[in-house]
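Q: I'd like a close look at one part of this protein, centred on a single side chain and whatever sits around it. Here's the structure.

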Amino acid sequence: MSDELVNVRYMVDDVDEAVVFYTTHFGFTPRSSAAPAFADVVRGNLRLLLSGPTSSAGRPMPDGRTPEPGGWNRIHLVVDDIAGEVQRLRAAGLTFRNDVVSGPGGRQILLEDPSGNPIELFQPAGRSRK
């Protein structure tokens, strides 16, 4: 089932802005749009569902809490050259939560989409620049 899509939902403040962000900076392609409530974009087998405040996913919970952007769960994008990606994205004015950190599995950094949702860029150990 390698052609099956994996679906991840992100709550966003502005659906159109989120579509532009993901297609411009990370190579996603638009799939459908019901903006301003909802749109989805695809990269490989990842379908990112972008749900605005007026979407059904944005409705308050029975206890009164309202789904909102942000948090720490994130999509994880593997890159070959993390330094180059960070330089490219910083030059484009994107917001980072931290600097690159290294661990036994590789190097990673967190940045935010326009609504504050985190994206992790990860360069596996041993993966060199192309």
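Over the face of which residue does R90 lie, and at what distance from the ring centre?

A: R90 lies over the face of F96, at 4.6 Å from the ring centre (the Arg CZ, or Lys NZ, must be within 6 Å of the centre and within 35 degrees of the ring normal). Keep in mind that this is a predicted model, where local features need pLDDT of at least 70 and side-chain atom pairs 80 or more, while totals for chains, interfaces and linings use all residues. Numbering runs from 1 along each chain as written, and side-chain values use heavy atoms, without hydrogens or water.

R90 has another partner. The side chain of D99 makes a polar contact with the side chain of R90, at 3.3 Å (N or O atoms within 3.5 Å, one able to donate a hydrogen and the other to accept it; sequence neighbours count only side chain to side chain). D99 sits in the loop between β6 and β7, with β7 spanning 101-103 (strands are DSSP E runs of at least two residues and helices H or I runs of at least four, numbered from the N terminus). D99 is exposed, at 54% relative accessibility (exposed is over 50%, buried under 20%, partly exposed in between, with a 1.4 Å probe on protein chains only). Besides R90, D99 touches Q108 and I109, leaving out residues up to four places away in sequence (contact is heavy atoms within 4.5 Å). For scale, the C-alpha atoms of D99 and F122 are 12 Å apart, with their positions 23 residues apart along the chain.

A second arginine does something along these lines: R97 lies over the face of W72, at 4.3 Å from the ring centre.

Now for the helix that R90 belongs to, α2, which runs 82-91. I82, V86 and L89 are buried there. Those three span an arc of only 75 degrees around the axis, so they sit on the same side of α2 (the arc is taken over directions from the helix axis to the C-beta atoms). Q87 and A91 are exposed on the other side of α2. The cover over the buried residues of α2 includes α1, β6 (95-96), β8 and β9. Just after α2, G93 has a positive phi of about 85 degrees.

From α2 you can step across to α1 through H25. H25 is in helix α1, and at 15% relative accessibility H25 counts as buried. Apart from neighbours within four places in sequence, H25 is in contact with R88, L89, A92 and L94. L89 also turns up on the list for F26, alongside F21, R43, L77, L94, L111, I119 and L121, again not counting residues up to four places away.

F26 is part of a group of rings too. The structure holds 4 aromatic pairs (Phe, Tyr or Trp six-membered ring centres within 6.5 Å; stacked under 30 degrees between planes, edge-to-face over 60, tilted otherwise). The rings of Y22 and F26 have centres 6.3 Å apart and planes at 40 degrees, so this pair is tilted. Y22 and F26 are 4 residues apart in helix α1, so about one helical turn separates them. Y22 and F28 make an edge-to-face pair, at 5.5 Å between centres and 80 degrees between planes. Y22 is buried, at 0% relative accessibility, and F28 is buried as well, at 2%. Ring pairs join F21, Y22, F26 and F28 into a cluster.

All of that feeds into the bigger picture of the inside. The largest nonpolar core has 26 residues, and Y22, F26, L50, I75, L111, I119 and L121 touch the most other members (such a core is buried Ala, Val, Leu, Ile, Met, Phe, Trp, Tyr and Cys residues joined through side-chain atoms within 4.5 Å). Among the elements that each supply at least two residues of this core are α1 (15-26), α2, β8 (106-112) and β9 (118-124). The most comes from α1, which gives 6 residues.

To wrap up where we began: R90 lies over F96 and makes its side-chain polar contact with D99.
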